[in-house]
Amino acid sequence: MQERLKELQGEALEKVSAAMDLKELNDIRVAYLGKKGPITEVLKGMGKLSAEERPKMGALANEVRDQITQGITAKQVQLEEAQIQAKLAAETIDVTLPGRPVHTGNHHSLTRVVEEIEDLFIGMGYTVAEGPEVEKDYYNFEALNLPKGHPARDMQDSFYITEDILLRTHTSPVQARTMEKHEGKGPVKIICPGKVFRRDNDDATHSHQFMQIEGLVIDENIRMTDLKGTLEVFAKKMFGEEREIRLRPSFFPFTEPSVEMDISCMICSGEGCNVCKKTGWIEILGAGMVHPNVLEMAGFDSKKYTGFAFGMGAERIAMLKYGVDDIRHFYTNDSRFLKQFSIHE
Amino acid sequence: MYVSYKWLQEYVDLSGITPEELAEKITKSGIEVEGVETLDEGIKGVVVGYVSEKEKHPSADKLNICQVDLGDGELVQIICGAPNVDKGQKVAVATVGAVLPGNFKIKKAKLRGEASNGMICSLQELGFESKLVAKEYSEGIYVFPADTELGTNALEQLHRDDQVLELGLTPNRADCQSMLGVAYEVAAILGKDVKLPQPKVETVSERAADYITVKVEAADDNPLYVAKVIKNVKIAPSPLWLQARLTAAGIRPHNNVVDITNYILLEYGQPLHAFDYDRLGSKEILVRRANQGEKITTLDDAERELTTDHLVITNGEVPVALAGVMGGANSEVGNETTTVLLESAYFTGGAIRKSSKDHGLRSEASARYEKGVDPQRIRPAAERAAQLLTQYAGGEVLEGSVEVDTLKVEPAVISITIDKINRVLGTTLSVSEANNILERLQFTTVVEENEMTVTVPTRRGDITIEEDLVEEVGRLYGYDNLTSTLPGGTASAGSLTPYQKKRRIVRQYLEGAGLYQAITYSLTSAEKAQNYCLEVREPIKLAMPMSEERSVLRLSLIPHLLEVLKYNSARQIDATAVYETGSVFLSTAKNELPEEKEHLAAAITGLWELHQWQGEKKPVDFFVLKGILEGLFSKLGLLEQITFAKLEKDGLHPGRSAEVFLNETSIGFIGQVHPNVEKELDLKETYVFELSLEKLLHAEMNPLRYEAIPRYPSITRDIALVVDQTTTAQALSTVIREAGGKLLKDVHVFDLYEGDRMEEGKKSIAYSLKYFDPERTLTDEEVVKTHDKVLKALEEKAGAVLRG
């Protein structure tokens, strides 16, 4: 009997070890350990044994059972593991294949420039003022010290609708309107982005429609040094901390004194290149101290208040910042152009 | 304005300052120098030679074989093709080894078998602009005056060893349209003196007044007219130095008389005109407005019809000059001229601008009058011209001038305190420092304590108020010397308005949803303007459009967005999705500003989903764009207030378009572009929407409040309904919502069947309904009760039957 049990154990463990899958293993379990299995069968013969031998044999039978059970469990773990491995192997993908594209759009490059400038000035306490694209001659010119017949009106040939209504040639009328709303009380601190229009034939450097951004500050003690400091902050934030600025005297009817601001060339850092026409400087914007006539016309006492204003073209900023070579790209909306402005530095 | 460095040296001591350094200084203190040109740049080895022999080339008709003496006694053979080359001429010779502009090197050569050791040059070959070469030399080589020394540097003889500064003048700096004005500016920058020309004229005993009378009928336009008479002039070329100065300034030499008037124009900024006295046809000058329809042929041989807006100089009868713009052909100075009537006048800017603009004629003279000439230079300029006419045209100046003078010359007197200057500039200048700057500008000043009283010379007509003086002080003090500060005063919090903030959110959302922002033109064609408007109005036209394409203001953003799609699709880009926010313009009463409304529009075409290697490819459809729109409404907290209604609109697919309502208000539309339009634009299925951004962003939304996360389970019931084909999903869900009341938390369509297994005219639509009470677990009974109510309402109100 003892031998028979040992034999069964050996036989069962051999089969367990040879089992290929979990089903076969289960069959082995049922076959050897089940109620109708050979071990049970062997144990039925226990009655014939002596009282001494009976417990020994019982212990042996349990041991054999345990051995087989352990063998099966170990094999089961092994087979399950193999099954998982096989499944994983079957599920393997080429992780280098491209992912499912997520289609997102992005800001137009000009909006990007405008928002960057808006945010910069909002941080310095400015609010964003907007106004109509179709303007009264009064706000576009007269309130800005450009009376009818003023020669400087030639500088910006305009699209008139009637004698008194035109497409604004700059965003300065927004300044005039804002100042009027303030009814002679400062401070005024605004940044005015918007579309403007001039009679130009569209080519690589001209556009009949373009985007301007102007700023205006009026208060009781605004000095030209404040303008210089403000423009310096702007230039460094927009074009890099290492930029230097230079103010050159210029002329605008609505400011006196008037200046143009150059920044040190970001391409050659002032060494001289094609972008800066070998001068080391790039013209960025026009600015100046608000002309007393402009203040007075908007109801501000020019003895009490002073102010500064500046204005620039968003296209020019974008062209310099991103190296765009043709202003028409901004309005053609070629997908291949639009998509390039999704990256954020 | 082009400024010859050598010429400028006559008025200001420029020793130790190169033209480039000077340019930098001028730019930094007021006038942008746009370039510095070296006139003889890239030219070497060109000398004055003498053509001692000329014979025809034996085998080339147009060529001549010249023997040229270069001053060392030896003759050099040079083949020359110029028609005007001749024996006895002194010419510019590029010798072997010479270099001409464009790095053109002169080498020994054989032309049709004959040796040629150099080249006889035209002025163009020496770097002159063609339009600046005197007519007699424009078709051939240049010939020097007979007394020119042989063997000398030809470029030096031509006074081309010079550099020219190109000044970009702003409209206020009319004073720098003259060499004297530039001299004052440069002297102020450098802190030096100005040496003015001192005209000295010897006159003969005859009196100008016996030759001419002057009457001015238009004194408002012409408050000062000065006429001088110069007899016995001999027309000839002007001296080379004078020609060179004109050429450097961009004016073509003609003859001594004309050149001298142009020279004075450049030197004093005062336009002059020389009439041939004998061709005037009378002894009278009458200045008046032209008669309507009167005609004049100007010096450029163009006949011009005049109106009463135009100021003319007449001989008492007919116009002899378009005042301040250009002389008339009938009184032009020519080779036979012996007596010259010289005009130096003050014409007002407005009058000249009108003539110049109407006739499309801008001359050196009109450019100066338009911006204003110095009233105190009218007479000195005439004197100086008379002096040069005696010196270089052999003229005899008659005694006196004939004048009509109603001009009041009052120099501006401005008082300013040093505090004012420092307050605007942010500087701490002393009175004497500021005063010193004004004195450098040769302004007359009187200082009393903190105040300066400044008399501004009439040449600086741009300076009229205190701020103008602040600028003069500031720019010459140097903006580089200003410190950098930031505005003080009360701190204010900067921010966007709620509208501006929401607009940014709209943009970000749409971009996240896959649309690119486009920016298109506000101007469009009359034809396009009428399409896709939310509100139909007569488009607003420009008074003088540059083209039909850009002649009216847009009423919708869609036409240009469709153009963007067309542009991209024509370039093999298989998917384009764009949106734009921008204004449309609605006409109101004439002479009122139009209503400007900000709209939001989008257009999509082509593939929406494309994941090629997994074989997923899905073109855009109505529900793609509608989904984007619903997401937007949801983002803005407005989805509950939005409904869609079928819409038929020109340019849209009649079965696939909807009007969008915010509560009861129509705010825009969405739809497929009509297949005919798609075909016309060569586009695949294309969908668009346009909304009033203002209505959308100004809509009231419920403030954001936290809602408790459900603690009790919800119960879902699905129903499939058979309804008429025309019954809309929106109508059904409205019925369901109303009947479902508070317990109904969510309704959504999960299936739609319209196939042939349905009865004709019917469709099946399936809804999933979710019931839920935040306070407790719902009982089956309660759900059944409500659900039955829903089913009943569906049957009664929408004729919907549960599908078996």
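**Exercise 1. Determine whether R379(B) is buried, partly exposed or exposed, and find which side chain it meets in a salt bridge.**

Solution. In this predicted model, the relative accessible area of R379(B) is 34%. Buried would require a value under 20% and exposed a value over 50%, so R379(B) counts as partly exposed. The side chain of R379(B) meets that of E403(B) in a salt bridge, with 2.9 Å from N to O. R379(B) belongs to helix α9 (residues 378–393) of chain B, while E403(B) belongs to strand β25 (residues 402–405) of chain B, and the pair therefore ties together parts that are 24 residues apart in sequence. The partner, E403(B), is partly exposed, with a relative accessible area of 34%.

**Exercise 2. Locate E595(B) and R537(B), and state how many residues apart in sequence are the parts that this pair ties together.**

Solution. Begin with the contact itself, in which the side chains of E595(B) and R537(B) form a salt bridge at 3.4 Å, N to O. E595(B) lies in strand β33 (residues 595–611) of chain B, whereas R537(B) lies in the loop between α14 (526–529) and β31 (552–553) of chain B, so the parts tied together are 58 residues apart in sequence. As for accessibility, E595(B) is partly exposed at 29%, and R537(B) is partly exposed at 22%.

**Exercise 3. For the salt bridge between R328(A) and D326(A), decide which residue is buried and which is partly exposed.**

Solution. The two side chains meet at 2.8 Å, N to O. R328(A) has a relative accessibility of 35% and is therefore partly exposed. D326(A), at 15%, falls under the 20% limit and so counts as buried. Over all chains, the structure holds 71 salt bridges. Some are joined into a network, one example linking R246(A), R248(A), E260(A), D262(A) and E283(A) with E24(B) and E32(B).

**Exercise 4. Describe the largest nonpolar core, and find which helix gives the most to it.**

Solution. The largest nonpolar core has 132 residues, and those touching the most other members are F234(A), M261(A), I284(A), F310(A), L22(B) and I421(B). Helix α4 (residues 179–190) of chain B gives the most to this core, with ten residues. To look around one member, take M261(A): once neighbours within four places in sequence are left aside, its contacts include F234(A), I245(A), L247(A) and I284(A), as well as the residues R246(A) and E283(A). R246(A) and E283(A) also take part in the salt-bridge network of the previous exercise. A second, separate core has 41 residues, among them I212(B), A290(B), I352(B) and V404(B).

**Exercise 5. Find where UniProt places the feature "binding site", and describe the surroundings of D462(B) and D468(B).**

Solution. According to the unreviewed UniProt entry, the feature is placed at D462(B), D468(B), E471(B) and E472(B). D462(B) is found in the loop between β28 (451–455) and α12 (466–477) of chain B, and D468(B) is found in helix α12 of chain B. Leaving aside neighbours within four places in sequence, D462(B) is in contact with N172(B), R173(B) and D468(B). The side chain of D462(B) also makes a polar contact with the side chain of R460(B), at 2.9 Å. D468(B) has a relative accessible area of 6% and is therefore buried. With the same neighbours set aside, D468(B) is in contact with E256(A), D462(B) and I463(B). Finally, the side chain of D468(B) reaches the backbone nitrogen of T464(B) at 2.8 Å.

Conventions. Residues numbered from 1 in each chain as written. Chains lettered and ligands numbered in written order. Predicted model: local features only at pLDDT ≥ 70, side-chain atom pairs only at ≥ 80, totals over all residues. Heavy atoms only, no water. Salt bridge = Lys/Arg side-chain N within 4 Å of Asp/Glu carboxyl O. Buried < 20%, exposed > 50% of the residue type's maximum accessible area, 1.4 Å probe, protein only. Helix = DSSP H or I, 4+ residues; strand = E, 2+ residues; numbered from the N terminus. Core = buried A, V, L, I, M, F, W, Y, C linked by side-chain atoms within 4.5 Å. Contact = heavy atoms within 4.5 Å. UniProt positions renumbered as here; feature names shortened; annotations may be inferred. Polar contact = N/O pair within 3.5 Å; in protein donor to acceptor, adjacent residues only side chain to side chain.
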